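Here is a short tour of the model now in front of you. Keep the 3D view open as you read, and feel free to follow along residue by residue.

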Amino acid sequence: MKTNDMYQPVVHAIFIILVALCLFPFVLLIMSSITEESAIISNGYSFWPSEFSLEAYSYLWIQKAAMFNSYGITILITIVGTFVGLLISALLAYPLSRRDLPLNSMLSFLVFFTLLFNGGLVPTYLIYTEVFHMKNTLMALIIPGLLTNGFFILLIRTFFANSIPVQIIESAYIDGASEFKIFYSMVLPLSLPILATIGLMLTINYWNDWFNGLIYITEPNLFSIQNLLNRMLVNIQFLQQNNLGGQQMSANPPMNSVRMAMAVIGILPLILIYPFFQKYFVKGLTIGAVKG
Amino acid sequence: MAQTGWTPFFKKLKRYRALFLMMIPGIAYLIINNYLPMFGVVIAFKDINYAKGILASDWVGLKNFEYLFKTADAYIITRNTILYNGSFIILNTVMAIAVAILLNEVRAKLAARFYQSVILLPFLISMVIVGYLVLSMLSTESGYLNLNLLPMFGMEPISWYFEPKYWPYILTIVHIWKYTGYLCVIFLAAIIGIDHEYYEAATIDGATKWQQIRAITVPLIAPTITIMTLLAIGRIFYSDFGLFYQVPLNSGPLQPVTDVIDTYVYRGLMTLGDIGMSSAAGLYQSLVGFILVLLSNYIVSRRNKENALF
């Protein structure tokens with residue numbers, strides 16, 4: 001294998017270029033957020049601030065009420081959505097993993113068919129707004145993402161079916177354990193790997209979701225951080241116009257850098273904890289790709 | 001013995017009642033979130049009038065579809081959707097295979113993990129953030145390209161968000177940037193699964209790296225490539241809404257080249273309030289999408305039953 005060693009520097013060189021290509025937009029974003037506004041106006045966004053300034057962040061600190069509120073919404077929907085979504089999924093997946101369950105194939109098909117066909121945006125929107133009146137409620141940010149479709153359920157079902165021996169379940173049942181007791185004291189503890197993986201995917205989905213907020217939420221107080229960022233992207237004056245901070249603002253906020261600072265604050269938490277969950281994230285992506 | 005077939009069935013239901021109870025929230029959810037909208041596609045055949053309510057609105061037959069297909073819109077959004085997704089499938093697959101093969105060559109484990117994490121980072125962030133990243137490059141008054149990069153080559157600034165001709169390239173680059181990492185992870189998992197003995201035997205026979213890649217790696221991950229590609233083709237009628245909505249900042253002048261079925265449906269519903277047209281476009285997408293999923297799955301199952309979705 002020694003002959004291969006000459007390839008290594010070339011391979012590393014290629015990856016250093018790829019890594020740079022992946023990272024440079026982020027570097028530009030961060031650098032722009034700490035550049036003096038007048039320097040942005042004359043020199044544009046650049047990789048090295050010609051004049052360093054934290055003005056954008058101190059402006060956002062004045063506006064912190066709006067930021068904290070949006071972060072609060074995001075954290076709330078992420079925790080509730082992930083927990084409830086995981087619970088509902090596991091409760092549905094477990095019976096479907098039991099081959100002895102009557103009507104199993106029909107019910108499994110009911111779950112599976114949601115992957116093949118969907119009614120699309122218009123009927124979904126009308127049902128949530130006209131039938132269930134969820135417009136401008138927190139529910140609209142939580143409910144649509146709980147399961148989305150049957151995909152995660154099928155993944156969990158496969159895990160249950162393959163890794164929990166039927167004999168254990170049967171003997172527990174014969175010993176008089178109820179199905180619920182079997183579920184929470186045997187099935188769930190044995191399934192922590194898949195539950196953690198699916199939980200992570202749900203967490204990321206909720207944290208990143210801006211679509212439900214875009215269509216169901218018009219009330220700025222209910223904006224998640226993604227929706228706040230979304231509005232600021234299209235309308236740079238959004239924070240100021242809505243006076244969400246509840247404070248008197250300076251006449252000329254440094255908007256070009258504030259915008260970038262907002263985005264930095266929006267991605268920072270996810271990027272900071274990414275190294276700790278990346279292994280599970282990769283695992284989640286690969287089990288999702290192979291057959292459920 | 002005189003029992004009918006039903007009595008044991010009900011007895012069985014009683015025995016399994018706890019399991020059925022567990023399924024109620026999930027099934028109820030799927031009915032509300034997935035099945036009601038499926039039946040809701042009949043909206044496309046109605047003239048929705050909020051005053052009358054959805055159910056009581058008048059039936060108009062295929063009129064919504066007639067309108068949709070009479071305009072140039074239907075052709076434009078279908079063309080854009082298929083051309084974009086088609087090129088994404090080809091370019092992403094080629095890029096991801098190349099990167100996955102290279103990543104597998106990195107001997108230092110720590111470095112390999114670092115590279116993979118960074119390449120996957122764009123996949124992790126939301127399209128809203130991507131919108132910001134692109135804006136910092138392309139903003140007309142302060143973007144990096146207009147103020148720093150183009151002047152280096154003596155070029156004039158460009159009003160990126162008003163010039164449709166650049167956007168097919170911009171959107172393609174952004175898509176590759178965001179999604180190569182994901183596909184690469186999938187292909188890498190397949191490559192790692194290849195038995196090392198093949199490579200050892202090939203090395204003893206004096207095969208070069210390039211020969212090994214062509215004769216061992218690519219053929220052995222071919223099933224994964226085929227499946228991922230067919231699944232993507234099955235979804236070719238659905239676009240990444242965020243890419244086509246957030247990244248061009250919903251800019252009107254760009255619409256001829258950035259409008260896909262998903263953005264058209266969204267705009268019809270949320271901005272124009274034209275429910276008839278947008279639900280017709282939505283049903284057109286759902287139906288063709290459904291047929292394509294069935295078709296691509298049929299092809300997968302003909303090649304390899306194991307890998308088919310159903």
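How many salt bridges does a search of the whole structure find over all chains? The search gives five, where a salt bridge is a side-chain nitrogen of Lys or Arg within 4 Å of a carboxyl oxygen of Asp or Glu.

A word on conventions before the details. This is a predicted model, in which local features need pLDDT of at least 70 and side-chain atom pairs count only at pLDDT 80 or more, while totals for chains, interfaces and linings use all residues. Residues are numbered from 1 along each chain as its sequence is written, chains are lettered from A and ligands numbered from 1 in the order in which they are written, and side-chain values use heavy atoms, with hydrogens and water left out.

**Salt bridges**

Among the five salt bridges are these:

| Acid | Base | N to O distance |
|---|---|---|
| Glu179(A) | Arg15(B) | 2.9 Å |
| Glu179(A) | Arg98(A) | 3.0 Å |
| Asp100(A) | Arg98(A) | 3.2 Å |
| Asp259(B) | Arg267(B) | 2.5 Å |

Arg98(A), Asp100(A), Glu179(A) and Arg15(B) are linked in a network of salt bridges. Within this network, Glu179(A) and Arg98(A) are both buried; buried means under 20% relative accessible area, exposed over 50%, and partly exposed in between, with a 1.4 Å probe and protein chains only. Arg98(A) has a relative accessibility of 8%, whereas Asp100(A), at 31%, is partly exposed. The pair of Glu179(A) and Arg98(A) links distant parts of the chain, 81 residues apart: Glu179(A) belongs to helix 10 (residues 179–190) of chain A, and Arg98(A) to the loop between helix 4 (64–97) and helix 5 (104–116). Helices here are DSSP runs (H or I, at least four residues), as are strands (E, at least two), numbered from the N terminus.

In chain B, Asp259(B) and Arg267(B) pair up. Asp259(B) counts as buried at 9%, and Arg267(B) is buried too, at 14%.

**Where the chains meet**

How many residues does each chain bring to the contact? Chain A gives 102 and chain B gives 93, with contact meaning heavy atoms within 4.5 Å. About 9100 Å² is buried between the two chains, 77% of it from carbon and sulfur atoms; buried area is the accessible area (1.4 Å probe) that two parts lose on being put together, summed over both. On the side of chain A, Phe15(A), Phe117(A) and Leu233(A) lose the most area to chain B, together 8% of what that side buries.

The rule finds one salt bridge across this interface, and Glu179(A) and Arg15(B) form it. It also finds 25 residue pairs in polar contact, both at pLDDT 80 or more. A polar contact is a pair of N or O atoms within 3.5 Å; within protein, one must be able to donate a hydrogen and the other to accept it, and residues adjacent in sequence count only if both atoms are side-chain atoms.

One residue to look at here is Thr124(A), in helix 6 (residues 121–131) of chain A. Thr124(A) is buried, with 17% relative accessibility. Leaving aside neighbours within four places in sequence, Thr124(A) is in contact with Tyr216(A) and Pro37(B).

**Chain B as a whole**

Chain B has 14 helices and two strands. Its radius of gyration is 25 Å, well over the 19 Å that the globule rule gives for 310 residues, so chain B is more spread out than a compact globule. The radius is taken over C-alpha atoms, and the rule is 2.2 Å times the number of residues to the power 0.38. The C-alpha trace of chain B spans about 75 × 70 × 35 Å along its principal axes. Buried residues account for 52% of the 310 residues in chain B.

**Local details in chain A**

Most residues other than glycine have a negative phi. In the loop between helix 6 and helix 7 (139–142), however, lies His133(A), with a positive phi near 50°. His133(A) is exposed, at 57% relative accessibility. Asn136(A) lies in the loop between helix 6 and helix 7 as well, and its phi is positive at about 55°. Asn136(A) is partly exposed, at 29%.
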